[in-house]
Amino acid sequence: MIPRSSELDVSRSSTNSMLDAWQVDKDSVAIDKHTVLGKGAFSIVYKGHLKHESQLWTNARRKSVILALGMAKAPRMDVAIKVIHYNPAQQTSDTNLGINISEYMREILLMKELGYHPHVLNLIGWMTSGRAPSLILEYCSKGDLRHYLKDMSEYVDMETKQISTGYENFVGLKDLLRISWEVCDALVFFSSKKLVHRDVAARNVMLTDKLVAKLGDFGLCQYLTKEPYPVKRPKLPIKWMAIESLQKGEFSSKTDVWSFGVLLFEIFSIGETPYKNIENMKMLLHLIDGKRLEKPDLCSEQLYDLMRGCWNADPTNRPSFEEIRGKLSNLIEENSQDDYGYIQFLDIPEI
Ligand SMILES: Nc1ncnc2c1ncn2[C@@H]1O[C@H](COP(=O)(O)OP(=O)(O)O)[C@@H](O)[C@H]1O
Ligand SMILES: [Mg+2]
């Protein structure tokens, strides 16, 4: 169900609301401040675990998330805790802090509305520490896809298209296609809810211990039915943004399709930075000139055609996420039937 705009109105939600069934008492969560899982523009994400299960079962929707994640069977419910990262020394006024807090409340409200999906990073709850809210998220032990690919790239010889032995977190081409399919599946779900993610990138895809991909970071996400939400982030994902977003500030599911094409480039170049020799300021002219990312060595012509389709200057000519998911399914199937020809991994260890 698409929430009415009032249901997503941050100004109506208090960070101290006692009525919110998703709110968790901060004493029921242990945060391991020594284990930083990652950092973003506004946040630090720590590892933690839930101490008192009973409190968590009071909310039926949270209960269904915990059951769906299989966390209830775990001896200890590990979680990731996304904490607002604000340095009082750098804040000139409470207004600045207020902006950060309302951004976080938007993210929490959106995640609560979203409901469970196997390829979306699920919210377990939220809590306040001091004046700032923190998100309690399902824990993804393999971290984010960008770091994962970067680590893997050291073991891949692009010329011979071989991966050296001894790499523990091995994935082959079929896994890369499967991971792409899973993120696309999350985006089919998003677009069906008239939601635009606006920050689809490998850094915002998390991997579980079984290497299942989950799309996260809803900080820039918005409903298409609402007025455009002004982006207050210090950094915009310029190199992932569609030509019309850079030109006219327009966002739609088709601009997410463009970003998904860039994510495919990140995946099949094994973590290469897109347009690495082009400055952000020059990106719009570069795209207006008709230039696009080159075909990564490990990518087939078919897959590159799919990427190029995502970067069509006319958004109406870009494929939908349903179409992309169908094409990825076909590629996975073909890849299961033969060895797909252009990547050979040696001595595949068990994962
Ligand atoms: N649930 C999680 N499990 C493991 N690592 C996570 C999780 N959530 C976030 N991270 C790590 O923290 C980083 C920042 O999180 P993100 O939600 O993208 O924050 P920001 O909104 O500040 O960009 C991610 O790129 C990832 O490395
Ligand atoms: Mg992020």
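**View 1. Serine 28, in the segment before β1.** This legend, like those that follow, describes a predicted model. Serine 28 is partly exposed, since 16 other C-beta atoms lie within 10 Å. Look across to leucine 56: the two residues are 28 positions apart in sequence, yet their C-alpha atoms are 9.2 Å apart in space.

**View 2. The whole chain, with its 10 helices and 12 strands.** Here we step back for a moment before moving in again. The chain has 351 residues, and buried residues make up 36% of them. Among contacts with a separation of 6 or more, 73% join residues that are 24 or more positions apart.

**View 3. The largest nonpolar core, with 83 residues.** Good places to start are Val79, Ile136, Val183, Phe260 and Leu263, which touch the most other members of this core. Domain 1 (5–138) and domain 2 (143–334) both give residues to the core, so it lies between them. Phenylalanine 260 deserves a look of its own: leaving aside residues up to four places away in sequence, it touches Cys184, Leu187, Val200, Cys310 and Ile324.

**View 4. The shell of 23 residues around ligand 1.** The closest residues to the ligand are Leu37, Gly38, Gly40, Ala80 and Asp217. Four strands each supply at least two residues of the shell: β1 (29–39), β2 (43–50), β3 (78–84) and β5 (132–138). Of these, β1 gives the largest share, 3 residues. Both domains take part here too, as domain 1 (5–138) and domain 2 (143–334) each contribute at least three residues to the shell. Sorted by class, the shell holds 10 nonpolar, 7 polar and 6 charged residues.

**View 5. Lysine 82, in strand β3.** Is this lysine 82 buried or exposed? Lysine 82 counts as buried, because it has 28 C-beta neighbours inside 10 Å. Its contacts, not counting residues up to four places away in sequence, are with Ser43, Val45, Ser134, Leu135 and Leu137. For one of these partners, serine 43, the C-alpha to C-alpha distance from lysine 82 is 6.3 Å, although the two residues are 39 apart in sequence.

**View 6. Helix α4 (residues 145–153) and its buried residues.** Three residues of this helix are buried: Leu145, Tyr148 and Leu149. They span an arc of only 95° around the axis, which puts them on the same side of α4. An α-helix has 3.6 residues a turn, so residues three or four places apart point the same way. Turn next to what covers the buried residues of α4, which includes α5 (173–192), β9 (205–207), β10 (213–215) and α7 (253–268).

**View 7. Helix α9 (residues 301–310), with a buried side and an exposed face.** The buried residues of this helix are Leu303, Leu306, Met307 and Cys310. Because their arc around the axis is only 100°, they sit on the same side of α9. The face turned away from that buried side carries the exposed residues Glu301, Gln302 and Asp305. Cys310 may already be familiar from View 3, as it is one of the residues touched by phenylalanine 260.

**View 8. Arginine 198, in the loop between β8 (195–196) and β9.** The backbone is the thing to inspect here: arginine 198 has a positive phi of about 70°, although it is not a glycine. This loop residue is buried, because 24 other C-beta atoms lie within 10 Å of its own.

**View 9. Leucine 211, in the loop between β9 and β10.** Which sign does phi take at leucine 211? The value is positive, near 65°, in a residue other than glycine. Leucine 211 counts as partly exposed, because it has 19 C-beta neighbours inside 10 Å, and a residue needs 20 or more to be buried.

**View 10. Glutamate 323, in helix α10 (residues 321–337).** With 15 C-beta neighbours inside 10 Å, glutamate 323 counts as partly exposed. Follow the space between glutamate 323 and cysteine 184: their C-alpha atoms are separated by 9.8 Å, while the residues are 139 apart along the chain. Cys184 also appears among the residues that phenylalanine 260 touches.

Technical notes
Residues are numbered from 1 along each chain as its sequence is written. Chains are lettered from A and ligands numbered from 1 in the order in which they are written. This is a predicted model: local features need pLDDT of at least 70, side-chain atom pairs count only at pLDDT 80 or more; totals for chains, interfaces and linings use all residues. A nonpolar core is a set of buried Ala, Val, Leu, Ile, Met, Phe, Trp, Tyr and Cys residues joined through C-beta atoms within 7 Å. A residue is buried if 20 or more other C-beta atoms lie within 10 Å of its own, exposed if 12 or fewer, and partly exposed in between; C-beta atoms are placed from the backbone. Domain bounds come from an automatic or database domain assignment. Two residues are in contact if their C-beta atoms, placed from the backbone, lie within 7 Å. The arc is that of the directions from the helix axis to the C-beta atoms. A residue is near a molecule or strand if its C-beta atom, placed from the backbone, lies within 6 Å of it. Ala, Val, Leu, Ile, Met, Phe, Trp, Tyr, Cys and Pro count as nonpolar, Asp, Glu, Lys and Arg as charged, and the others, Gly among them, as polar.
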